[in-house]
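Here's a quick briefing on the chain you have open. Skim the lead, then dip into whichever topic you need.

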Amino acid sequence: MANLTIEAWKARLAGNYSRAADLYRTAGNYKSALKMYVEAKLFDQAARLSVQLCDNPQAIEFFLQDKNYRAAGELYEKLKKWDHAVECYARCGELDRAARIYEKLNQFDKAAEVWLKAHRKDMAAAALIKTKKNAQAVPLLEALIAELE
């Protein structure tokens with residue numbers, strides 16, 4: 001372990017932060033490994049190490065820096081931070097996941113909006129019906145029928 005730490009230190013001094021991070025990680029010095037992943041701008045690896053260390057809030061920050069909105073959304077879901085999860089899913093184009101969260105929260109108006117953005121008239125109509133907005137659902141259903149003819 002001491003040899004790994006010395007090698008990691010040498011790599012760090014040489015500016016090879018990625019190698020230093022890997023060596024620190026192998027040596028079990030996770031705090032230094034995280035610092036080196038960040039220094040190397042390897043935010044995805046820093047996030048994954050944070051997840052392994054059960055530090056989901058820090059992992060989310062790293063995933064966001066890496067623009068890995070899907071992974072950030074999944075962690076926000078685990079933490080039951082629904083609005084943030086929806087925002088992340090919308091940013092990465094996973095509108096169906098965002099709409100399903102709204103449905104789970106019985107926020108069918110918001111779900112319908114997201115379903116429409118996802119070009120899912122069928123699901124938008126179903127969400128509107130759940131909110132007793134049948135008049136808004138009917139044109140969507142009619143459009144679906146017209147597409148089938």
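Which residue takes a positive phi of about 60° just after H3? That's lysine 41, sitting just past the end of the helix. Before going further, keep in mind that this is a predicted model. In broad strokes, the chain has eleven helices and zero strands, and its radius of gyration is 22 Å, where a compact globule of 149 residues would come in near 15 Å.

**Overall shape and make-up**

- Going along the sequence, the pattern is simply α-α-α-α-α-α-α-α-α-α-α.
- The C-alpha trace spans about 70 × 30 × 15 Å along its principal axes.
- Of the 149 residues, 35% count as buried.
- Take the contacts with a separation of 6 or more: 13% of them join residues 24 or more positions apart.
- About 9100 Å² of the chain is exposed, with carbon and sulfur atoms supplying 52% of that area.

**Helix H3 and what it packs against**

- Helix H3 covers residues 30–39, and its buried residues are Ser32, Ala33, Leu34, Met36 and Tyr37.
- As background, an α-helix has 3.6 residues a turn, so residues three or four places apart point the same way.
- What do the buried residues of H3 pack against? Their partners are helix H1 (2–13), helix H2 (17–27), helix H4 (43–52) and helix H5 (56–65).

**Backbone oddities in the loops**

- For context, most residues other than glycine have a negative phi.
- Lysine 41 is not a glycine, yet its phi is positive at about 60°.
- You'll find lysine 41 in the loop between H3 and H4, and at 61% relative accessibility it counts as exposed.
- Histidine 119 is another non-glycine residue with a positive phi of about 60°.
- The loop between H9 and H10 is where histidine 119 lies; its relative accessibility is 71%, so it counts as exposed.

**Charges and salt bridges**

- The chain carries 24 positive and 20 negative side chains, and the centres of the two sets are 6 Å apart.
- A general reminder: side chains of opposite charge can pair when their charged atoms come close.
- How many salt bridges does the count come to? The total is ten.
- One network of salt bridges links Arg70, Glu74, Glu77, Glu94, Arg97 and Lys104.

**Glutamate 77 and lysine 104**

- These two side chains form a salt bridge, with an N to O distance of 3.9 Å.
- Glutamate 77 belongs to helix H6 (residues 69–78) and lysine 104 to helix H8 (residues 95–104), so the bridge ties together parts 27 residues apart in sequence.
- Is lysine 104 buried or exposed? Its relative accessibility is 53%, and the cut-off for exposed is over 50%, so lysine 104 counts as exposed.

**Glutamate 94 and arginine 97**

- Glutamate 94 makes a salt bridge to arginine 97, and the closest N and O atoms are 3.2 Å apart.
- Glutamate 94 sits in the loop between helix H7 (82–91) and H8.
- Buried means under 20% relative accessible area, so glutamate 94 makes the cut with 13%.
- Arginine 97, on the other side of this bridge, is partly exposed at 27% relative accessible area.
- Which residues does glutamate 94 touch, not counting residues up to four places away in sequence? The answer is Arg70 and Tyr89.

**Aspartate 109 and lysine 133**

- The side chains of aspartate 109 and lysine 133 meet in a salt bridge, at 3.0 Å from N to O.
- This pair links distant parts of the chain, 24 residues apart.
- Aspartate 109 is in helix H9 (residues 108–117), while lysine 133 is in the loop between helix H10 (121–130) and helix H11 (134–148).
- Both ends are partly exposed: aspartate 109 has a relative accessible area of 35%, and lysine 133 has 30%.

Key:
Residues numbered from 1 in each chain as written. Predicted model: local features only at pLDDT ≥ 70, side-chain atom pairs only at ≥ 80, totals over all residues. Heavy atoms only, no water. Helix = DSSP H or I, 4+ residues; strand = E, 2+ residues; numbered from the N terminus. Rg over C-alpha atoms; globule rule 2.2 N^0.38 Å. Buried < 20%, exposed > 50% of the residue type's maximum accessible area, 1.4 Å probe, protein only. Contact = heavy atoms within 4.5 Å. Areas by Shrake-Rupley, 256 points an atom, 1.4 Å probe, with all protein chains shown as cover. Lys, Arg positive; Asp, Glu negative; His and termini not counted. Charge placed at Lys NZ, Arg CZ, Asp CG, Glu CD. Salt bridge = Lys/Arg side-chain N within 4 Å of Asp/Glu carboxyl O.
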